[in-house]
Amino acid sequence: MSIHPAARQRISTRVKDVGGIAVSRALPVRERRTIGAWCFLDHAGPALFEYGQEGLQVAPHPHIGLQTFTWMLDGEVLHRDSLGYRQRIRPGQVNLMTAGRGIAHSEDTPAGIDRLHAAQLWIALPEAERDMAPRFDHYPDLPRWQDGGVNFTLLVGDYGAHRAPTLHFSPLIGIDIAAQQAASADLLLREDFEYGLFVLEGSAAADGEPVAANELLYLGKELTSLAVSLSAGGRALLLGGKKLNEPVMMWWNFVGRSKAELQAAVAAWNSGDPRFGRVVDDPRAPTPSPIMP
Ligand code: MN
């Protein structure tokens, strides 16, 4: 089945400042909060830093109820967290931080690195796991394959015989799709997933519908295949998952189920509650949470 026109949503990103870098934010927006459990999508770069510019500088801050999922395309970022992990992420790798009941981390461009191109997504944790102990995982090798002139990297989930190692707790998929020359490929989709295509570089088309760089085309569900075309140098992310049947609420860096829960997380972080711990080896003052109205 091809895309049902009524289910489509074309979502333009808004530009936000994150740690001194202009990022394009596609999720959440009023008309689209989630795609499966994917609940946040920031696209940083591609950016080149001038001599003396420090790049990304995100001081210690907390998370609850989600996984932060970083897909690195160019440059490097140093992740440090309150479990004691200190992990550089390089192009082609995924960093995954499962916040569970609470964690703090910082993210920075290391000295000597002059570029950044990355996507950071958040995955809402289901009810059964959202209070779990926090953990951090680094995935240096992900399944890759080619179809015609299209290069695929499976970031999370299963596709055909390919299985990504990436830890996740609800039915979910993420595929990076890239082409050096203009190329097309047909992808097999799951009818019980909803999907979206986000363009990172160049331009793309989904079943003939054009999608520009930094645009997200929400495709809906009940699709069994998708024809994706990319321009020369084009790159896109196919995101999908089973629709969450839980009311997800977000405030700042927190994902929860109620306003009272989010307000409690704000108060806990701002009062230095040990629930979040201290980011190792990072002397900067923690970033306070804005108060929830
Ligand atoms: Mn973060």
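What percentage of the 293 residues of the protein count as buried? In this predicted model, 54% of the residues of the protein count as buried, and the views below set that figure beside the overall dimensions, one strand and one valine.

**View 1. The whole protein, with one helix and 26 strands.** Because the radius of gyration is 18 Å, close to the 19 Å that the globule rule gives for 293 residues, the protein is as compact as a globular protein of that length. The C-alpha trace spans about 50 × 45 × 35 Å along its principal axes. Among the contacts with a separation of 6 or more, 71% are accounted for by residues 24 or more positions apart.

**View 2. The surface of the protein and its charged side chains.** About 12,600 Å² of the protein is exposed, and 50% of this area is supplied by carbon and sulfur atoms. The protein carries 28 positive and 33 negative side chains, and the centres of these two sets are 4 Å apart.

**View 3. Strand 9, residues 94–98, a mostly covered strand.** Five of the five residues of strand 9 are buried. Val94, Leu96 and Thr98 point one way from the strand, whereas Asn95 and Met97 point the other way, and all of these residues are buried.

**View 4. The pairing of strand 9 with strand 6 and with strand 12.** Strand 6, which covers residues 66–75, pairs with strand 9 in the antiparallel sense over five bridges, and in this pairing Met97 of strand 9 is the bridge partner of Thr68. Strand 9 is also joined by five bridges to strand 12, residues 135–139, and these two strands run antiparallel. Here Leu96 stands opposite Asp137 in strand 12. Leu96 and Met97, which point opposite ways from strand 9, thus appear in this view with Asp137 as the residue opposite Leu96 and Thr68 as the bridge partner of Met97.

**View 5. Val58 in strand 5 and the residues around it.** Val58 is found in strand 5, which covers residues 57–63. Val58 has a relative accessible area of 14%, and because buried means under 20%, this residue counts as buried. Leaving aside residues up to four places away in sequence, Val58 touches Val18, Gly19, Ser106, Glu107, Asp108 and Arg284. Val58 and Pro286 are 228 residues apart in sequence, while their C-alpha atoms are 9.7 Å apart in space.

Note on methods: Residues are numbered from 1 along each chain as its sequence is written. This is a predicted model: local features need pLDDT of at least 70, side-chain atom pairs count only at pLDDT 80 or more; totals for chains, interfaces and linings use all residues. Side-chain values use heavy atoms; hydrogens and water are left out. Helices (H or I, at least four residues) and strands (E, at least two) are DSSP runs, numbered from the N terminus. The radius of gyration is taken over C-alpha atoms; the globule rule is 2.2 Å times the number of residues to the power 0.38. Buried means under 20% relative accessible area, exposed over 50%, partly exposed in between (1.4 Å probe, protein chains only). Contact means heavy atoms within 4.5 Å. Accessible areas come from the Shrake-Rupley method with a 1.4 Å probe; for residues, only the protein chains shown count as cover. Lys and Arg count as positive and Asp and Glu as negative; His and the chain ends are not counted. The place of a charge is taken as NZ of Lys, CZ of Arg, CG of Asp or CD of Glu. Two strands pair if DSSP finds at least two bridges between them.
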